[in-house]
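Grab a pencil and have the viewer open. Let's work through a few exercises together.

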Amino acid sequence: MNQRLDPHSLTVNGGRLWQSLMDLAQIGATPKGGVKRIALTELDRQGRDQFVAWCEASGLTVTVDAIGNIFARRPGTDPAAAPVMSGSHIDTQPSGGKYDGCYGVLAALEVCRTLNDYGIATRAPIEVAVWTNEEGSRFTPVMTGSGVFAGRYTVAHARAQKDVDGITLGQALDAIGYAGSAPPGKPVAAYFEAHIEQGPVLENANKVIGVVTGGLGQRWFDMTVTGMEAHAGPTPMHLRRDALQGATLIMQAIDAIGRTQADTRGTVGYVKVEPNSRNVIPGKVSFSADLRAADAATLDGMERRFRDTVATVCAERKLDYTIEPTVNFPPTPFAPECMNAVREAALRLGYTHMELVSGAGHDAIHVADLCPAAMIFVPCKDGISHNEIEDAKPEDLTAGCNVLLHAMLERAGVV
Ligand SMILES: [Zn+2]
């Protein structure tokens with residue numbers, strides 16, 4: 001309600017955002033400059049407490065739901081309006097970086113701090129979200145908190161998941177005092193998530209802002225190819241049933257299937273050869289296949305080509321095989337109105353930008369089940385994340401936060 005200020009000229013305090021990132025990174029800091037703050041540990045509690053203290057210092061109202069998701073609300077002028085929400089996660093991988101997740105949370109907090117600085121009122125409330133156990137390194141599945149919020153899993157199912165020591169997620173949540181009373185899930189007007197890209201596309205294209213069009217659908221399979229173990233010397237080539245040679249043809253096909261379009265992926269990340277002995281023709285190969293694409297029809301075509309290749313190769317080489325589907329995440333296109341808000345903010349602020357898809361999972365992909373959602377990517381050095389050397393430029397982080405501010409204002413309405 002500052003008469004002199006045009007909301008379109010508003011910019012965040014990039015130095016404050018950077019300082020908060022560095023301060024949060026002190027909790028669980030590793031000697032190599034990374035962060036180890038695994039979900040629902042004592043360090044996670046300290047990180048959450050720090051976030052809550054910052055929110056309360058900014059006058060935000062903090063609530064915690066039954067799965068430990070934290071929401072910090074800046075009220076709007078319309079008490080009936082659902083919030084415009086933004087957030088991410090503050091748990092890390094065992095050797096994680098300073099920016100993955102924390103950037104999205106602290107960028108959303110910086111939006112609230114900036115609105116406070118300038119006395120800007122919004123029609124809809126603004127909420128900052130911290131989602132529980134996004135990384136999935138201690139408890140499966142990944143993105144637990146947002147998945148429960150979106151109704152993909154029940155609280156009871158999530159609480160029953162155990163870590164390697166047999167401690168359940170529920171016990172760990174209770175122990176750090178973050179099992180709240182609010183039932184997960186509520187109306188949300190729009191959701192935005194700012195995140196480092198975790199890939200090399202923006203840096204390669206020399207762009208600052210990624211307008212994320214959606215999350216790739218994923219289909220994972222566990223495969224076995226079985227032939228006959230035999231001595232490498234006495235067995236002529238034409239009489240062999242070599243499981244590894246058949247498997248390598250299938251693996252090459254998976255890579256080729258992944259290369260058919262810009263946004264398709266095909267990966268074999270796990271291989272086990274039996275008996276894995278130098279002078280024995282391999283009798284059995286177990287391996288994974290991971291196919292990703294932006295739409296279901298493309299994924300269907302990729303899966304068909306993959307299955308046809310397996311059948312043809314195994315028939316030609318007299319091999320047996322099994323294909324077991326293990327993961328099936330449908331593609332998640334983001335909402336055009338939210339993508340437009342991001343694109344228009346980038347244009348107005350004069351940032352270079354491009355559209356890209358998210359190849360990795362993010363909380364926004366779950367929240368998109370409930371409400372219109374979109375993501376903002378900023379570059380990270382060499383596309384590296386889930387690594388202590390993860391790095392990002394302060395000016396790029398500020399740019400992404402400015403885009404977030406304006407996209408949220410567009411959806412929330414300035415009064
Ligand atoms: Zn993340």
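Below are three exercises on this predicted model, each with a worked solution.

**Exercise 1.** Find the protein donors of the zinc ion, and work out their spacing along the chain.

*Solution.* Start at the metal and look for the atoms around it. You'll find His89 (NE2), Asp100 (OD) and His195 (NE2), which lie 2.0 to 2.3 Å from the zinc ion. Now follow the chain from donor to donor: the spacing reads H-x10-D-x94-H. Next, place the two histidines. His89 is in the loop between strand 3 (84-88) and helix 3 (102-118), while His195 is in strand 5 (residues 190-196). They're 106 residues apart, so this pair links distant parts of the chain.

**Exercise 2.** Decide whether His89, His195 and strand 3 are buried or exposed.

*Solution.* The cut-off you need: buried means under 20% relative accessible area. His89 has 0%, so it counts as buried. His195 has 1%, so it is buried too. For strand 3, go residue by residue: five of the five are buried, so the strand is largely enclosed by the rest of the structure. Check both faces as well: Val84, Ser86 and Ser88 cover one side, Met85 and Gly87 the other, and all are buried.

**Exercise 3.** Which strands pair with strand 3, and what stands opposite Met85?

*Solution.* First, strand 4 (residues 126-130): it runs parallel to strand 3, and five bridges join them. Here Met85 stands opposite Glu127. Then take strand 5, which pairs with strand 3 in the parallel sense over three bridges. On that side, Met85 stands opposite Tyr191. Finally, add the helix: strand 3, helix 3 and strand 4 make a right-handed β-α-β unit.

Methods
Residues are numbered from 1 along each chain as its sequence is written. This is a predicted model: local features need pLDDT of at least 70, side-chain atom pairs count only at pLDDT 80 or more; totals for chains, interfaces and linings use all residues. Side-chain values use heavy atoms; hydrogens and water are left out. Donors are N, O and S atoms within 2.8 Å of the metal (3.2 Å for Na, K and Ca); water is not among the atoms, so sites may look incomplete. Helices (H or I, at least four residues) and strands (E, at least two) are DSSP runs, numbered from the N terminus. Buried means under 20% relative accessible area, exposed over 50%, partly exposed in between (1.4 Å probe, protein chains only). Two strands pair if DSSP finds at least two bridges between them. A crossover is right-handed if, with the strands pointing away from the viewer, the path from the first strand over the helix to the second runs clockwise.
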